[in-house]
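Visitor: I'm new here and would love a short tour. Could you show me what we will be looking at?

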Amino acid sequence: LSVTSVEDPVIMSKIRQNLREKHARHIADLRAYYDSEIHSLKRQLEASHKTASSEDLKKINQNLADRCDQLDAALNEGSARIKTLENKNNMLEKQVADWRERFYAVSNTSKVLQERIEEMRTNNKEKDNTISRLKSRLKDLEEAFEKAYKLSDNKNTRLEEENKMFQNLLGEYESLGKEHERVKDTLNTTENKLLDANTQISDLKR
């Protein structure tokens, strides 16, 4: 069975129906064959009654009885074989249903992980852009700080405020840097989980 057939309940229903019809036809053919054999033997017995002696009739009768026993045994064996095949078919249907549920579960997990990775990548990209802007602002503040320091030593208050802004911005930059590293680690972990899920999907498909 291909993965597509396993996923399609219509195809699985048709397969089960075809198997049942095949078993039913097989049983009907067996019964018709054995009925024909028995009918033929009865005709032979009736014909032999008209021409054979008493001893011959007993021998023919015994042969016919043995043949009937053989036919009954063959019919019982065929019926048992068909029953075994039906039980095996039911077991395989349950196994296929279990595999289908596992496949759907792993597929859903893979889809969720993929969505999380895309979301984290987008978030990571936004944080990269924020860090770039902060770097640019930090550079501007450094240049402004150096320029203000060179212009006048009497502007201590302004320098202190700018230094405070600089420290705050530096702290924000460091915090975002740590957050950025944590997001990268989480992204790597999620990608590994997605790889495991895809590997499991491949195994289930095989």
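Visitor: Is Glu118 buried, exposed or partly exposed?
Guide: This is a predicted model, so we go by values computed from it. The relative accessibility of Glu118 is 37%. Buried would need under 20% and exposed over 50%, so Glu118 counts as partly exposed.

Visitor: Which residue does Glu118 form a salt bridge with?
Guide: Look three residues along helix H3, about one turn of the helix, where Arg121 lies. The closest N and O atoms of the two are 3.5 Å apart, and the cut-off for a salt bridge is 4 Å. Arg121 is itself partly exposed, with a relative accessible area of 39%. The partner of Glu118 is Arg121.

Visitor: Which residues are joined with Arg121 into one network by salt bridges that share partners?
Guide: Besides its bridge to Glu118, Arg121 forms one with Glu191, where the closest N and O atoms are 2.7 Å apart. Glu191 lies in helix H4 and Arg121 in helix H3, so this pair ties together parts that are 70 residues apart in sequence. Glu191 is partly exposed at 27% relative accessibility. The residues joined with Arg121 are Glu118 and Glu191.

Visitor: How many residues apart in sequence are the parts that Glu37 and Arg67 tie together?
Guide: The side chains of Glu37 and Arg67 meet in a salt bridge, with 3.5 Å from N to O. Both residues are partly exposed: Glu37 has 22% relative accessibility, and Arg67 has a relative accessible area of 30%. Since Glu37 lies in helix H2 (residues 9–51) and Arg67 in helix H3, the parts they tie together are 30 residues apart in sequence.

Visitor: What distance apart are the end C-alpha atoms of helix H4?
Guide: Helix H4 covers residues 156–205, which makes 50 residues. At 1.5 Å a residue, the helix should span 74 Å. The distance in the model agrees with that, because the end C-alpha atoms are 72 Å apart.

Visitor: Which helix gives the most to the largest nonpolar core?
Guide: This core has nine residues, among them Phe103, Ile117, Met120, Leu187 and Leu194. The elements that give two or more residues to the core are helix H3 (54–151) and H4. With five residues, the helix that gives the most is H3.

Visitor: Which residues is Leu187 in contact with, leaving aside its neighbours within four places in sequence?
Guide: Leu187 is one of the buried residues of H4, a list that also includes Leu176, Val183 and Ile201. It belongs to the largest nonpolar core as well. Once the sequence neighbours are set aside, the contacts of Leu187 are Ile117, Met120 and Arg121.

Visitor: Are the rings of Phe103 and Tyr104 stacked, edge-to-face or tilted?
Guide: A search of the whole structure finds one aromatic pair. The centres of the Phe103 and Tyr104 rings are 6.3 Å apart and their planes are at 55°. Stacked would need under 30 degrees and edge-to-face over 60, so this pair is tilted.

Visitor: Which of Phe103 and Tyr104 is buried, and which is partly exposed?
Guide: Phe103 has a relative accessible area of 11%, while Tyr104 has 35% relative accessibility. Buried means under 20%. The buried residue is therefore Phe103, and the partly exposed one is Tyr104.

Note on methods. Residues numbered from 1 in each chain as written. Predicted model: local features only at pLDDT ≥ 70, side-chain atom pairs only at ≥ 80, totals over all residues. Heavy atoms only, no water. Helix = DSSP H or I, 4+ residues; strand = E, 2+ residues; numbered from the N terminus. Expected span 1.5 Å × (residues − 1). Buried < 20%, exposed > 50% of the residue type's maximum accessible area, 1.4 Å probe, protein only. Phe/Tyr/Trp six-rings, centres within 6.5 Å; stacked < 30°, edge-to-face > 60°. Core = buried A, V, L, I, M, F, W, Y, C linked by side-chain atoms within 4.5 Å. Contact = heavy atoms within 4.5 Å.
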